[in-house]
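I sat down with this model to look up its hollows, its domains and one residue of interest. Here are my notes, in the order I made them.

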Amino acid sequence: MEDKHMLMIPGPTPVPEKVLLAMAKHPIGHRSSGFGEICAEITENLKWLHQTQSDVLMLTVSGTGAMEAGIINFLCPGDRVLVGNNGKFGERWGKISRAFGLEVEEITAEWGKPLDSEDFRKKLEADVQKHIKAVIITHSETSTGVINPLETINKYVKNHGKALIIVDAVTSLGAINVPVDDWGLDVVGSGSQKGYMIPPGLGFVCVSQKAWEAYETATLPKFYLDLGAYRKATCKNSSPFTPPVNLIYGLQVALEMMKSEGLKEMFTRHCRLTEATRAGVKALGLPLLADDEVASTAVTAVMPTGVTAEDIRSTIKKQFDISLAGGQDHLKGKIFRIGHLGFVSERDILTMIAALESTLITLGSQKVTPGAGVAAASKILG
Ligand SMILES: Cc1ncc(COP(=O)(O)O)c(C=O)c1O
């Protein structure tokens with residue numbers, strides 16, 4: 001049957017019909033007063049989403065563009081940075097930092113495990129000369145479904161006093177609590193195709209006062225991603241370059257939907273969906289990559305035994321038109337990942353778990369007790 005595709009990957013995520021319809025209009029001029037009014041509303045609502053009074057800037061980029069902007073606006077060539085790397089996106093922070101000539105020291109953890117905040121404490125306390133200019137980490141590591149201890153690491157950054165904390169919140173914004181002002185986060189990057197519930201194409205960077213001070217002396221080259229230009233334009237409810245007007249129509253509606261659900265309710269929903277997913281998958285006899293205590297509430301990585309991850313993905317796609325994500329790098333073929341962030345409901349989780357059970361039976365898995373997955377997930381959701 002056509003048009004029944006179910007996206008359960010960690011981005012792009014499903015888009016509500018209201019948002020799709022909002023985008024299905026002629027664009028208007030981005031220098032018009034009508035567009036200015038939309039920008040003003042969006043700017044306020046982005047601040048609400050980030051729980052901040054600081055600037056939240058909107059760029060026409062993917063999440064990686066937001067990450068790059070987060071580096072080049074606040075640092076100088078040769079600056080020493082501590083980068084957390086326990087997955088594909090932590091690794092990417094290291095790559096971007098090296099590409100711009102920063103002196104990178106990586107703090108690593110095995111893929112599937114969280115970063116150890118003690119490693120950061122030791123490095124930061126030992127840096128009495130204050131050479132470390134930034135600590136750069138991924139909050140929700142999408143490649144493994146692990147949440148890193150951002151709040152604790154950030155406390156050590158605050159004790160250090162000099163370093164900025166730069167955060168990839170690409171799969172946490174909108175799904176997991178990221179109280180930017182309460183925690184004192186300096187630079188927070190995210191992307192539209194995740195918790196925002198709109199298609200890919202917009203990146204967001206939230207910038208603290210301390211980060212703006214660093215901006216004044218930062219000498220890395222920048223032009224399109226010069227956040228000073230975005231700040232100036234945002235103050236005038238505008239954009240320095242032509243923005244994707246129709247995506248912004250969608251964002252306006254998506255933010256209204258988020259506000260009517262409420263921040264706390266949104267995070268609680270993501271927790272419930274995650275718990276139900278994990279309970280259902282475990283009841284089907286499939287091991288999970290990340291332990292419960294460090295599980296991201298945006299994405300769950302499953303490490304099947306007996307049947308291969310790729311067979312599961314291709315069979316569930318063919319039989320049920322459900323897309324699950326594969327593993328990346330050395331986890332390719334070893335895990336599959338279930339995205340449950342953004343516009344995802346309890347019904348979606350039950351459907352996916354039921355389809356997963358049927359898929360395992362089709363593939364001849366001996367471990368499946370019929371109905372066990374849905375029963376375990378329903379117990380959480382009931
Ligand atoms: C945690 C994280 N960071 C960064 C990115 C990169 O985003 P993009 O592919 O939009 O550049 C992703 C995308 O999946 C992500 O999940």
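What volume does the largest cavity have? I get about 200 Å³ for the largest cavity. A cavity here is a set of points on a 1 Å grid over the protein atoms alone where a 1.4 Å probe fits but cannot get out. Grid points are joined across faces, edges and corners, and a volume is the space filled by probe spheres set on the points.

Before going on, I note that this is a predicted model, where local features need pLDDT of at least 70, side-chain atom pairs count only at pLDDT 80 or more, and totals for chains, interfaces and linings use all residues. Residues are numbered from 1 along each chain as its sequence is written, and side-chain values use heavy atoms, with hydrogens and water left out.

**Cavity.** I looked up the lining (residues with an atom within 4 Å of a point). The largest cavity is lined by 23 residues, and Met-58, Tyr-230, Thr-234, Ser-238 and Ser-239 are the closest to its centre. Helix α2 gives the most, 5 residues; β2 (55-59) and α9 (227-235) each supply at least two. Helices (H or I, at least four residues) and strands (E, at least two) are DSSP runs, numbered from the N terminus. I count 17 nonpolar residues, 6 polar and no charged in this lining. Ala, Val, Leu, Ile, Met, Phe, Trp, Tyr, Cys and Pro count as nonpolar, Asp, Glu, Lys and Arg as charged, and the others, Gly among them, as polar.

**Domains.** The assignment, which is automatic or from a database, gives me domain 1 (17-260) and domain 2 (262-381). Their contact (heavy atoms within 4.5 Å) takes 28 residues from domain 1 and 23 from domain 2.

**Pocket.** Next I checked the largest pocket (an open set with protein on both sides within 12 Å along at least five of seven lines), which holds about 850 Å³ of space. Of its 28 lining residues, His-5, Met-6, Pro-14, Phe-343 and Asp-348 are the closest to the centre. Why do I place this pocket between the domains? Domain 1 and domain 2 both give residues to its lining, so the pocket lies between them. The lining has 16 nonpolar, 5 polar and 7 charged residues.

**Thr-359.** This residue sits in helix α13. I have Thr-359 down as buried (under 20% relative accessible area, 1.4 Å probe, protein chains only), because its relative accessibility is 0%. A polar atom of its side chain lies 2.7 Å from the backbone oxygen of Ala-355. Leaving out residues up to four places away in sequence, Thr-359 touches Ile-312, Thr-315, Ile-316 and Phe-320.

How values were computed:
Buried means under 20% relative accessible area, exposed over 50%, partly exposed in between (1.4 Å probe, protein chains only). A polar contact is a pair of N or O atoms within 3.5 Å; within protein, one must be able to donate a hydrogen and the other to accept it, and residues adjacent in sequence count only if both atoms are side-chain atoms.
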